[in-house]
Amino acid sequence: MCCCHENEKNLDDKAYRNIQELENYAENTQSSLLYLTLEILGIKDLHADHAASHIGKAQGIVTCLRATPYHGTRRRVFLPMDICMLHGVSQEDFLRKNQDKNVRDVIYDIASQAHLHLKHARTFHKSVPVKAFPAFLQTVTLEDYLKKIQQVDFDIFHPSLQQRSTLLPLSLYIQSWRKRY
């Protein structure tokens, strides 16, 4: 089967059963791309791989969150069902763009998991070779989105989340210059 048919198959899949399923998907997609980037940079380092794993998981979770309003317009919800059920939220709540506290609690829980992965990846900062840092600069955009969603009290449908961050290029430059991720 052609790889593009595989991707189409993924789009037909139902919501993730739990956060671990979403993290596994992120590990197999986003983290794999980071491993490849590290390999291209000539970096073979266990700490860099470990950081890449967590950054990839954070990237996958944030991508899932960011895509929620878009998928909702197509009557699809991919957020982890266990977290939705924990807060008594149905897929229909997301399709109706419900902004009740329980819906925001679902988003909070999912965003918190992405934040934890970023935090964990940064614990390897001193052990990761400096030449690996360019591969991890997307942490700046992930952190930016997580801060923005926190500022709107985890309202996934808030219009400001769909706007570009004008300071993002500056933040990327500063982090790159400081050799941080």
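Helices (H or I, at least four residues) and strands (E, at least two) are DSSP runs, numbered from the N terminus. The structure is a predicted model, in which local features need pLDDT of at least 70, side-chain atom pairs count only at pLDDT 80 or more, and totals for chains, interfaces and linings use all residues. Residues are numbered from 1 along each chain as its sequence is written, and side-chain values use heavy atoms, with hydrogens and water left out.

The structure holds 1 cavity of 30 Å³ or more. A cavity is a set of points on a 1 Å grid over the protein atoms alone where a 1.4 Å probe fits but cannot get out; lining residues have an atom within 4 Å of a point. The largest cavity has about 30 Å³ of space, a volume being the space filled by probe spheres set on the points. Its lining consists of Thr68, His71, Gly72, Arg76, Val77, Phe78, Phe94 and Leu95. Helix α3 gives the largest share, 3 residues, and α3 and α5 (91-95) each supply at least two.

Helix α3 (residues 46-73) also crosses helix α7 (residues 138-151) at roughly 45°, with axes that come within 10 Å. Because of this, α3 is oblique to α7 (angles from 0 to 180 degrees that are not under 35, over 145 or 65 to 115). In contact (heavy atoms within 4.5 Å), Ile55, Ala58, Gln59, Val62, Leu65 and Arg66 of α3 meet Gln138, Thr139, Leu142, Tyr145 and Leu146 of α7.

The table sorts both residue sets by class: Ala, Val, Leu, Ile, Met, Phe, Trp, Tyr, Cys and Pro are nonpolar, Asp, Glu, Lys and Arg charged, and the others, Gly among them, polar.

| Residue set | Nonpolar | Polar | Charged |
|---|---|---|---|
| Contact of α3 with α7 | 7 residues | 3 residues | 1 residue |
| Lining of the largest cavity | 4 residues | 3 residues | 1 residue |

How values were computed
1 Å grid on protein atoms, 1.4 Å probe; cavity = no way out; pocket = protein on both sides within 12 Å on 5 of 7 lines; lining within 4 Å.
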